[in-house]
Amino acid sequence: MDDTVTDGEARRRVERFLAAQPIPAPGDDDGRLAFLRARFDAGLAWLHHPVGLGGLAAARELQPVVDGLFAAAGAPDNTPRRIGIGLGMAAPTILRHGTADQRERFLRPLWTGEQLWCQLFSEPGAGSDLAAVATRAVRDGDGWLVTGQKVWTSMAHRARWGILLARTDPDVPKHRGLTYFVCDMHAPGVEVRPLRQLTGEAEFNEVFLTGVRLGDELRLGEVGQGWAVARTTLMNERVAIGGAPVPREGGLVGLLADTWRKRPELRTPALHDELLKLWVRAEAARLTGVRLRQQLAAGEPGPEGSAVKLAFAGLAQQLSSLEVELLGEAGLRHDSWEFSRPEVVDFTGRGATYRYLRARGNSIEGGTSEILRNIVAERVLGLPAEPRTDLDATWKDLPR
């Protein structure tokens, strides 16, 4: 880490940048992109990244300072909610496991939002047990041919690139025969189909891969070491889902408290007790997220991210359930069943029924709550591991 980049030095760099780089007018897409590219090249995108890769090798805790200065100046942002998979999952994985060429090729257009990313991990037979993926990648000259099916893939219909976990050796135990790739979503053989959800939206997709050819330069990490690379992605994913900054009484608990205040006729003593319990739990989860982000400033995310994501999923379901119960019949009116393809999950901008329905998926996406409880038990609390009989068995011999 470069200790010369202090809070004051970071501020001066932003001031110099803003003095030299005009802020584009609203609607000036070319100007916006040029501004973001220049910010990346100046090392003011990811301050903790190495010089030349969007950063200054500075302390991660300076990032909010820099982001705040740009926001206060009216500078365009890189719409981080829309490119969350790239920022929260692909970027940290590429930074840690990618080659120099891969970092240089992918990180800047990822950060500016020029190229969207999706995550090709889950399959119909491998979600909770991700190491059971059956999508095959077979050597073909200087590249690979990939065939299989992925599911629950957010943004696949818009993505330029996907992070892909595939099986390259079925003759070894399931965790050892995986390899990690960057998948060209425009390559022949990639087919994306919408997957309509409980809410009526098609936020997710199924992705069919039929003889998709990927060059070996798109392999991320060593052959057969895909599980280790995937763990980097998964740990960052859980932080991205459950550890996002939330103000006190923000998010779903804020909406619930607001309904409580505006609709006194709905109140009962029992509902009041339940609201208070959830408010306290939401505040504890929020403060745990603050601590997790402070730990991140010192290094890679640890298994604590699983605990935060687990708490987020449970709270979202309980808070949205209480909101629907509090509103009675009015809480059952869904605002729209119209087919749509949202780019972000709009928890706070939709009605109570939408929140209730969408929150059911929180305990599945990004690692099921059952899997996360195992991680917390074994890797955080140090409890004995759950008995498993398939860890040393050859993948091709496992029942499916």
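This is a chat between two people about the predicted model shown above.

Colleague: Which residues have the most contacts inside the largest nonpolar core, and how many residues does that core have?

Modeller: The largest nonpolar core has 56 residues, and W117, L164 and M185 are the ones with the most contacts inside it. Helix 4, which covers residues 84-97, gives the most to this core, with seven residues.

Colleague: What does M185 touch, leaving out residues up to four places away in sequence?

Modeller: With those residues left out, M185 touches C118, L120, A156, A159, R160, W161, G162, V190, V192 and V207.

Colleague: And which residues are in the other core, the one that lies apart?

Modeller: That other core has 19 residues, including V253, W260, L275 and A316. As general background, nonpolar side chains tend to be buried together in soluble globular proteins.

Colleague: Changing topic, what is the phi of T79, and where is that residue placed?

Modeller: Phi of T79 is near 40°, which is a positive value in a residue other than glycine, and T79 is placed in the loop between helix 3 (63-72) and helix 4. Most residues other than glycine have a negative phi.

Colleague: Why does T79 count as partly exposed?

Modeller: T79 counts as partly exposed because its relative accessibility is 29%, and partly exposed is the range between under 20% for buried and over 50% for exposed.

Colleague: Where is E249, and what is its phi?

Modeller: E249 is in the loop between helix 6 (226-242) and helix 7 (251-262), and its phi is near 60°, a positive value in a residue other than glycine. E249 has 28% relative accessibility, so it counts as partly exposed.

Colleague: Now helix 2, how far apart are its end C-alpha atoms?

Modeller: They are 18 Å apart, and this agrees with the expected span, because the 13 residues of helix 2 (residues 29-41), at 1.5 Å a residue, should span 18 Å.

Colleague: Which residues of helix 2 are buried, and what do they pack against?

Modeller: The buried residues are G31, F35, L36, A38, R39 and F40, and they pack against helix 1 (7-20), helix 3 and helix 5 (100-112). Helix 2 is followed by G43, whose phi is positive, near 80°.

Colleague: One last residue, is E9 buried or exposed?

Modeller: E9, which is found in helix 1, counts as buried because its relative accessibility is 16%. Leaving aside neighbours within four places in sequence, E9 is in contact with T4 and R16. The C-alpha atoms of E9 and L218 are separated by 37 Å, and these two residues are 209 residues apart along the chain.

Notes. Residues numbered from 1 in each chain as written. Predicted model: local features only at pLDDT ≥ 70, side-chain atom pairs only at ≥ 80, totals over all residues. Heavy atoms only, no water. Core = buried A, V, L, I, M, F, W, Y, C linked by side-chain atoms within 4.5 Å. Buried < 20%, exposed > 50% of the residue type's maximum accessible area, 1.4 Å probe, protein only. Helix = DSSP H or I, 4+ residues; strand = E, 2+ residues; numbered from the N terminus. Contact = heavy atoms within 4.5 Å. Expected span 1.5 Å × (residues − 1).
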